[in-house]
Protein chains: 2
Amino acid sequence: MARTKVFDEQQVLDKAMNLFWQKGYNATSAQDLVEGLGISRSSLYDTYGDKHSLFIRALHQYRRQRIDDAVSEAGTTPDPEAYIRSLFEFVKTEALDENHSRGCFMVNSAVELAPFDREVATIVNSIMHDFEDAVCRAVRKGQDEGIFTAKYPARSLARFIFNSLCGLRVTVKFDASKKAFDDIVNVCLSALKN
Amino acid sequence: MARTKVFDEQQVLDKAMNLFWQKGYNATSAQDLVEGLGISRSSLYDTYGDKHSLFIRALHQYRRQRIDDAVSEAGTTPDPEAYIRSLFEFVKTEALDENHSRGCFMVNSAVELAPFDREVATIVNSIMHDFEDAVCRAVRKGQDEGIFTAKYPARSLARFIFNSLCGLRVTVKFDASKKAFDDIVNVCLSALKN
DNA sequence: CTTCATACGGAACATTCATTCCGTTATTCT
DNA sequence: AGAATAACGGAATGAATGTTCCGTATGAAG
């Protein structure tokens, strides 16, 4: 019936995600998108609607690519401590690899948009809580096995760990030294063990 | 010789600080500034230069108003634990009072601008480190008094505490429940005591 | 091979952006 | 009181914003 798209929709969505992730919503212009995605204006708007819709799809893409695996792994991990440590290591590795620190797309969006954009706030909130739930499952398992402290409910410890992860995503933006990372991770993990 | 300003320069700078703090740099337009500051365009540009210069001055204003006191208090506080707890309480109080969660102007600016704006990055970095140093002094005093753990260097614990504070400023943006706050603060403080 | 719906490139759109300019007003100093 | 200077209000600037529109190219279906 009709001409076929010459670009891969998911692949281009990936590029959009990375653009928004790196520069944020407001600082990424339609022109940036046209140049960054490598498709024309009309294809952009025909395929993804407007800029805001594209951003929302980018958020969902981020969840699929970057969150879902880590969340589902929490239920099956044999070693809760290693799992939680791996979450920190992941943040650290990403921070040290990148020349420009993108941080976390969810954290960036929460700070930039959540207070004024209900749609973004809802998505971010949902993803953040899913992630916290995952941490909570791992913490509970660790408590059951006796390797984590039972001085606090699993939920409290999960909130604590998740909060520290969010903090690192901020610290990365102005100080990505390896030493600071290790310090913070070590203290966090030892807090789980008392 | 000349006509006197009809507005108070510091007072208007305060309003600018609050605008940028609440909405960020990119989302605050020149029009928003004119309306929010209550002065005309020409007065705005004559007095503060351009938008970016005004933003930089707002950052410094924030430091003076919101950081310096807390930093200098760290050296003289008789009770380091109460001091650190008060830092958390301050974040909590601010979060619960505000209808819209502004979070921390420094954190917001770090996330929105630091990776691309060297001038902002330098200022934020300097303020953040001053604050961390303050926490470090309090931690060291607590260690000297034997109320905090000596398992980690004061610097490591300070980084940990400061990181948790940054995390809270993010968490605030999508979940400002009192319970989550208390959970996080309690675990953080108990981590200092082992 | 023709048909036809759709992808495409790029010009065009109104709006908003940050910034400048100018004529007027007001205040301080002589 | 008068001259000099700076603040002021508001219109005007050009560039950039997000979005739409249109003519052409393309490829699947009949």
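Tutor: Two residues are in contact if their C-beta atoms, placed from the backbone, lie within 7 Å. Keep that rule in mind. The model is predicted, so local features need pLDDT of at least 70 and side-chain atom pairs count only at pLDDT 80 or more, while totals for chains, interfaces and linings use all residues. Residues are numbered from 1 along each chain as its sequence is written, and chains are lettered from A, with ligands numbered from 1, in the order in which they are written.

Student: How many residues does each chain give to the contact?

Tutor: Chain A gives 39 residues and chain B gives 39 residues.

Student: Which elements of chain A give two or more residues to that side?

Tutor: Elements come from DSSP runs, numbered from the N terminus: helices are H or I with at least four residues, strands are E with at least two. On the side of chain A that touches chain B, they are helix H6 (105-112), helix H7 (118-144), helix H8 (154-174) and H9. The largest share comes from H8(A), with 13 residues.

Student: What classes of residue make up that side of chain A?

Tutor: Ala, Val, Leu, Ile, Met, Phe, Trp, Tyr, Cys and Pro count as nonpolar; Asp, Glu, Lys and Arg as charged; the others, Gly among them, as polar. Here there are 21 nonpolar, 13 polar and five charged residues.

Student: Why do the copies meet through the same surface?

Tutor: Because 100% of the interface residues of chain A are also interface residues in chain B.

Student: What turn and shift lay chain A on chain B?

Tutor: Two copies of a chain are related by a rotation about an axis and a shift along it. Superposition is by least squares on the C-alpha atoms of residues with pLDDT of at least 70 in both copies. Here a turn of 180° and a shift of 0.0 Å along the axis do the job, with an RMSD of 0.0 Å. That is how a two-fold axis relates its copies. In chain A, the C-alpha of Gly167(A) is nearest the axis, at 1.8 Å.

Student: Now one chain. What secondary structure does chain A have?

Tutor: Chain A has nine helices and zero strands. From the N terminus on, the order reads α-α-α-α-α-α-α-α-α. The C-alpha atoms fill a box of roughly 65 × 40 × 30 Å, taken along the principal axes.

Student: What share of chain A is buried?

Tutor: Count the other C-beta atoms within 10 Å of a residue's own, with C-beta atoms placed from the backbone: 20 or more is buried, 12 or fewer is exposed, and in between is partly exposed. In chain A, 43% of the 194 residues are buried. Look at contacts too. Of those in chain A with a separation of 6 or more, 66% join residues 24 or more positions apart.

Student: At what angle do helix H1 and helix H4 of chain A pack?

Tutor: Axes are lines fitted to C-alpha atoms, for helices over the stretch in contact, and angles between N-to-C directions run from 0 to 180 degrees. Under 35 degrees is roughly parallel, over 145 roughly antiparallel, 65 to 115 roughly perpendicular, and the rest oblique. Helix H1 (residues 9-23) and helix H4 (residues 51-76) of chain A pack at about 95°, with axes 9 Å apart. So H1(A) is roughly perpendicular to H4(A). Among the residues in the contact are Leu13(A) and Phe20(A) of H1(A), and Leu54(A) and Tyr62(A) of H4(A). By class, this contact has eight nonpolar, one polar and two charged residues.

Student: How far apart are the axes of H8(A) and H9(A)?

Tutor: They lie 11 Å apart, and the angle is about 175°. That makes the pair roughly antiparallel. In H8(A), Phe160(A), Ile161(A), Ser164(A), Leu168(A) and Thr171(A) meet Ala180(A), Ile184(A), Cys188(A) and Ala191(A) of H9(A). The classes are seven nonpolar, two polar and no charged.

Student: At what angle do H6 and H7 of chain B pack?

Tutor: The angle is about 140°, with axes 10 Å apart. So H6(B) is oblique to H7(B). The crossing is left-handed, meaning that the near helix is turned anticlockwise from the far one by less than a right angle; clockwise would be right-handed. Met106(B), Ser109(B) and Ala110(B) of H6(B) meet Val120(B), Val124(B), Ile127(B) and Met128(B) of H7(B).

Student: Which residues does Ala121(B) touch?

Tutor: Leaving out residues up to four places away in sequence, Ala121(B) touches Phe174(A) and Ala114(B). Ala121(B) sits in helix H7 of chain B. With 17 other C-beta atoms within 10 Å, Ala121(B) is partly exposed.
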